[in-house]
Amino acid sequence: MSDKEQSTTMERILQEITAVSRRIEGMDASISSLTLETKSMRSDIAGFQSRVTGLEHSMGSLETQIATSQDRDQDLLYLRSKLTDLEDRSRRDNIRLLGIPENEEGTDIQAFLSSTLSKLTSLDFDPPLKFQRAHRVGLKRCDTSLRPRPIIACLPCHNQTRQILQAARNHGPFRTGQHEIRIAADYSKDTNDRRKAFLALRPSLRQLEMKNSLFDPARMWVTKNGVSKDFYNPEELKLFLDSFQHQPMDSISTSCPLDASGDDEGNPQA
């Protein structure tokens, strides 16, 4: 091989080595860039992990707060039910008279009630009727065309209260002249609201041919085909009626047979 050929070969080899070196330098730069990106990603991942840890702690705190809130809600519901029960018990000797015209009681409301109740119920009270207190509810009305205010009376003898309410259920409403007078038990607002909600569902019960009775203080008894069930919450009864087509009365396992004639605290309705 001549010197010229050797020189050309060497130049070619040097050019290839230079090209390889440049490629290696490029790869080194890329590796350095990847290294920096990897470090940045590691830093970001560490930040994300820190945030996730913080979120997990926050979620744990929120779950604790939610559980505490739910416990408090349950406690509040329990206390509310207890207060309602206590209020209903404090009213158990009260009766409400609806429809008595304003000022008809005169100046002695207790004497008026004693005479009126004896006449309306045809009961011979022994001892004679006496009242711990009796009064109209609400502000006095000058306009006699408005509905008269109810009268609330408290009797010291619970047996007499039961006798009057039973007579009202059996024979009421009563009429005196052109006036219709109703006698009812006195309940707390919560209990009254539940009773009204139960009564609003009676058309649906009749449509489904279900017998029902509303018992004191707010318990709806429903029966069909010899199977009975109690409801203490109107919403539960509404859900039951809505799903009745998917859950026939015969399939209810939690049945409790009751006397279809009811008792002295409720009247059955077909």
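I began with R219 and found that this residue is buried, with a relative accessible area of 18%, a value that I read against the cut-off for buried of under 20%. I keep in mind throughout that this is a predicted model. Next I looked up the partner of R219, and the side chains of R219 and D230 meet in a salt bridge at 3.0 Å, N to O. R219 belongs to strand β7 and D230 to strand β8 (residues 227–231), so the pair ties together parts that are 11 residues apart in sequence. D230, for its part, is partly exposed, with a relative accessible area of 22%.

I then asked how many salt bridges the structure holds. The count is 14, and I followed two others in detail.

The first that I took up joins D186 to R91, with the closest N and O atoms 3.0 Å apart. D186 lies in the loop between β5 (179–185) and α4 (189–200), whereas R91 lies in the loop between α1 (3–90) and β1, so this pair ties together parts that are 95 residues apart in sequence. On accessibility I noted that D186 counts as buried at 3%, while R91 counts as partly exposed at 22%. I also noted that these two residues take part in a network of salt bridges in which E87, R91, R96 and D186 are linked.

The other runs from R169 to D216, where the closest N and O atoms are 3.4 Å apart. It links distant parts of the chain, for R169 sits in helix α3 (residues 158–171) and D216 in the loop between β6 (211–215) and β7 (219–224), 47 residues apart. Here I found R169 partly exposed at 24% relative accessibility, and D216 likewise counts as partly exposed, at 21%.

I turned to the aromatic rings, and the count of aromatic pairs comes to one. That pair is formed by F231 and F240, whose rings are tilted, with 5.3 Å centre to centre and 40° between the planes. I checked the cover of each ring's residue: F231 is buried, with a relative accessible area of 3%, and F240 counts as buried at 7%. F231 has a further contact of interest to me, since the charged end of K229 sits over its ring, 5.6 Å from the centre.

For the strands, I wanted to know which residues of β3 are buried on each side. Strand β3 (residues 151–154) has both faces covered, with I151 and A153 buried on one side and I152 and C154 buried on the other. I looked up its pairing next: strand β1 (residues 94–98) runs antiparallel to β3 and is joined to it by four bridges, and within this pairing I151 of β3 is the bridge partner of L97. Strand β2 (residues 133–136) is also antiparallel to β3 and joined to it by four bridges, with R133 standing opposite C154.

Last, I wrote down values for the chain as a whole. It has six helices and nine strands, and buried residues make up 27% of its 270 residues. Of the contacts with a separation of 6 or more, 60% are between residues 24 or more positions apart. The accessible surface of the chain comes to about 18500 Å², and 53% of this belongs to carbon and sulfur atoms.

Note on methods
Residues are numbered from 1 along each chain as its sequence is written. This is a predicted model: local features need pLDDT of at least 70, side-chain atom pairs count only at pLDDT 80 or more; totals for chains, interfaces and linings use all residues. Side-chain values use heavy atoms; hydrogens and water are left out. Buried means under 20% relative accessible area, exposed over 50%, partly exposed in between (1.4 Å probe, protein chains only). Helices (H or I, at least four residues) and strands (E, at least two) are DSSP runs, numbered from the N terminus. Two strands pair if DSSP finds at least two bridges between them. Contact means heavy atoms within 4.5 Å. Accessible areas come from the Shrake-Rupley method with a 1.4 Å probe; for residues, only the protein chains shown count as cover. Rings of Phe, Tyr and Trp (its six-membered ring) pair if their centres lie within 6.5 Å; planes under 30 degrees apart count as stacked, over 60 as edge-to-face and the rest as tilted. A charge sits over a ring if NZ of Lys or CZ of Arg is within 6 Å of the ring centre and within 35 degrees of the ring normal. A salt bridge is a side-chain nitrogen of Lys or Arg within 4 Å of a carboxyl oxygen of Asp or Glu.
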